[in-house]
Structure formats: structure tokens, C-alpha cells
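Trainee: I am new to this structure. Could you walk me through it and explain the terms as they come up?
Mentor: Gladly; let us look at it together.

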Amino acid sequence: MSNVLIVHAHPEPKSLTSALKDLAVETLTAQGHTVQVSDLYAANWKAVADRGDFLAQTQPDRLSYVAESRHAFATGTQSPDVEAEQQKLLWADAVLLSFPMWWFGMPAILKGWVDRVFAYGFAYGVGAHGGERWGDRYGEGTLSGRRAMLSVTIGGRAPHYGERGVNGRLDDLLWPIQHGMLFYPGVQVLPPFVVYQSDRLTEAEWPAVAEAYRRRITGLFSDPPIAYRTQNGGHYDGQQVLKPGLGAGESGTRMHLVQPGDPEEVLDGLDRTAAATREMEACSGS
């Protein structure tokens, strides 16, 4: 069995978001997995990244958060709450981020968790940098081998977040989180579980939502992830720009998804494109 970390960000324990978190714990535990929950509001998590994150500053007169983060991680002088969350991520085989969508993104407390926990040397600034290689990121990195899924409650209607919806495509809105915060340090990201019109959900509608979430949780370690292109797999040039001929017929963030017929993506000697194509076909039922 596996280890699962749930990072939960909702201030109300009786909310739908919190009910989904509790359901995830129940379902995963019943499957035999070990679960830890980082309930950020309950823990009064410090969301602001500042001088207090470093026990011994190298430049006390002027704060360079990146430089201090690098030094603190390398010397073991990070704030204890930050180090504790990093250890949970290293312990986990999968991560669930549980939150409501507020103003087209995650609550500030969860963004602050990422800002502080994803330190230099831990989630970024990892791997060799030189020539055409820009480090171990986007498919490689400290958190490689792990899976993640977002559990998101949204007040708006599903069509608002569709292809031509006024709020924009949901995949594009979640791109900074799924691709930028999770895939960047190597995590394989599953399509999100989303509940629309969450503030209007009735008791009669809850069982169907709960059952749908149980199915997604059950597939946490078997469902295919989003087929993001890896940075160092051969699809990008030396400036990390998608090579000509790739992403044809797509625009925006979708061109960064592996497409059937793309050249083999080779990362660490492994053919990632073939696997990604099989996963895409499995998702589409073809």
C-alpha cells in the first residue's frame, strides 16, 4: 500500500470541500493506504514568505528570498514548519490538494504553502544547469515518481469554464498549479476532480458527488496522468521552446501535451512518449 498526503485549504470544517477531504481520508484508509492531512487553516499555517522562514540569514541587511532559501535548505536552517511539510512530501507517494477556487485560483493560504515549502534546492534549482539543459524540472526533479490530483469546488457553472466559456477553460486556469507547481518538480498530475455550483449542492445531490469522488480516489494510483511534455525529453529546443512541427493544430497550453504521432520523448533512457500516448488513448476510450 502507499502513502498519501492531503493538503487541505478551507476555513470551514462543515464545508463541501472539507467533506470531500474527509471522504478521501475514509476511502484511502479503507484501501489500506496511510494518510496524512495538512489542514492549513486548522494549523494556522503562516502563508507569508518572509525573513521568519530562515533561522540564520546570510544577508541580514537585504532580503533575497531565493538566496536565503537556497542557503537555508542546504544548511538545515529552514523554519521547522517548512521542513516538516517537505518531509511529508518526500514521504508521500501521492498528494491531493483540496481547496475551493477563489478568484480563479487557490486560496492565499495554500499558495503560501507552496511559496514556502517549495524551497530552492527542494522543488526548484535542482539538477545540472548548463548548455541547453535548464536543470531537472518539468517531468524530473525531487518529487519525481509521485502522483497528484486537485480536488476543487467551484461556485460557477460548468459551461462558464468550457471551451468558449466566459471564465476561460478550466485546464488553462489550473495550468499554473498543475503544470507550474506540481509537474515542475516532477510530479505526475491526474486530471482534477471538480464540483461545479458547489454552493448550491443539495443533500439529495451529495451521494452522486461522493460516489464520483470515490471512483477517482480509487484510481489515484492507476488512472493515467495528464500527458505533459517533459522538458528534457527532446520536444523543446535549447531555449526551451517547443520545436517546429510539434503541437500542430493546438494553441495555448494544449500544445504542451504529448500528441499521438509525436517523436519519441526520451528521458533518462526511457521512452516517455509511447507511454503517454497509451495513457491518452486509455483516457479517450480508443
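Trainee: What share of the residues in the protein chain is buried, and what makes a residue buried?
Mentor: Buried residues make up 47% of the 286 residues in the protein chain. A residue is buried with under 20% relative accessible area, exposed with over 50%, and partly exposed in between, using a 1.4 Å probe and protein chains only. Before we go on, this is a predicted model, where local features need pLDDT of at least 70 and side-chain atom pairs count only at pLDDT 80 or more, while totals for chains, interfaces and linings use all residues. Residues are numbered from 1 along each chain as its sequence is written, and side-chain values use heavy atoms, leaving out hydrogens and water.

Trainee: How do you know that the radius of gyration agrees with a compact globule?
Mentor: The rule for a globule is 2.2 Å times the number of residues to the power 0.38, and the radius is taken over C-alpha atoms. With 286 residues, that gives a value near 19 Å, and the protein chain has 20 Å, so the two agree. Along the principal axes, the C-alpha atoms fill a box of roughly 55 × 50 × 40 Å.

Trainee: How many helices and strands does the chain have, and what makes a run count as one?
Mentor: There are seven helices and ten strands. Both are DSSP runs numbered from the N terminus: helices are H or I with at least four residues, strands are E with at least two.

Trainee: Why is strand β3 called largely enclosed?
Mentor: Seven of the seven residues of β3, residues 94-100, are buried, so the rest of the structure largely encloses this strand. Both faces are covered: Ala-94, Leu-96, Ser-98 and Pro-100 lie on one side, with Val-95, Leu-97 and Phe-99 on the other.

Trainee: Which strands pair with β3, and how do you know that they pair?
Mentor: Two strands pair if DSSP finds at least two bridges between them. Strand β1 (residues 3-8) pairs with β3 in the parallel sense over five bridges, and β6 (residues 147-153) pairs with β3 in the parallel sense over seven. Both counts meet the cut-off of at least two. Leu-96 is the bridge partner of Ile-6, and Leu-96 also stands opposite Met-149 in β6.

Trainee: What joins β1 to β2, and why is the crossover called right-handed?
Mentor: Six bridges join β1 to the parallel strand β2, residues 34-39. The chain crosses from β1 through helix α1 (residues 16-30) to β2, and this β-α-β crossover is right-handed. The name applies because, with the strands pointing away from the viewer, the path from the first strand over the helix to the second runs clockwise.

Trainee: What makes a set of residues a nonpolar core, and how many residues does the largest one have?
Mentor: A nonpolar core is a set of buried Ala, Val, Leu, Ile, Met, Phe, Trp, Tyr and Cys residues joined through side-chain atoms within 4.5 Å. The largest has 39 residues, and Leu-89, Phe-99 and Trp-113 have the most contacts inside it. Helix α5 (170-183) gives the most to this core, with eight residues. A second, separate core of 19 residues includes Val-4, Phe-193, Val-195 and Val-209.

Trainee: Why is helix α4 called largely enclosed?
Mentor: Seven of the ten residues of α4 are buried, so this helix is largely enclosed by the rest of the structure. Among its buried residues are Ile-109, Trp-113 and Val-117. The buried residues of α4 pack against β1, α2 (65-75), α3 (80-91), β3 and α5, contact meaning heavy atoms within 4.5 Å.

Trainee: Is Leu-190 buried or exposed?
Mentor: Leu-190 has 0% relative accessibility, so this residue counts as buried. Leu-190 is in the loop between β7 (188-189) and β8 (193-195), and among the residues it touches are Arg-147, Met-149 and Ile-226.

Trainee: What about Trp-103 and Phe-104: why do they get their labels?
Mentor: Trp-103 is at 82%, so Trp-103 counts as exposed; Phe-104 is at 39%, so Phe-104 counts as partly exposed. Trp-103 lies in the loop between β3 and α4, as does Phe-104. Phi is positive in both, near 50° for Trp-103 and about 65° for Phe-104. Most residues other than glycine have a negative phi.

Methods
Lists of a residue's contacts leave out its neighbours within four places in sequence.
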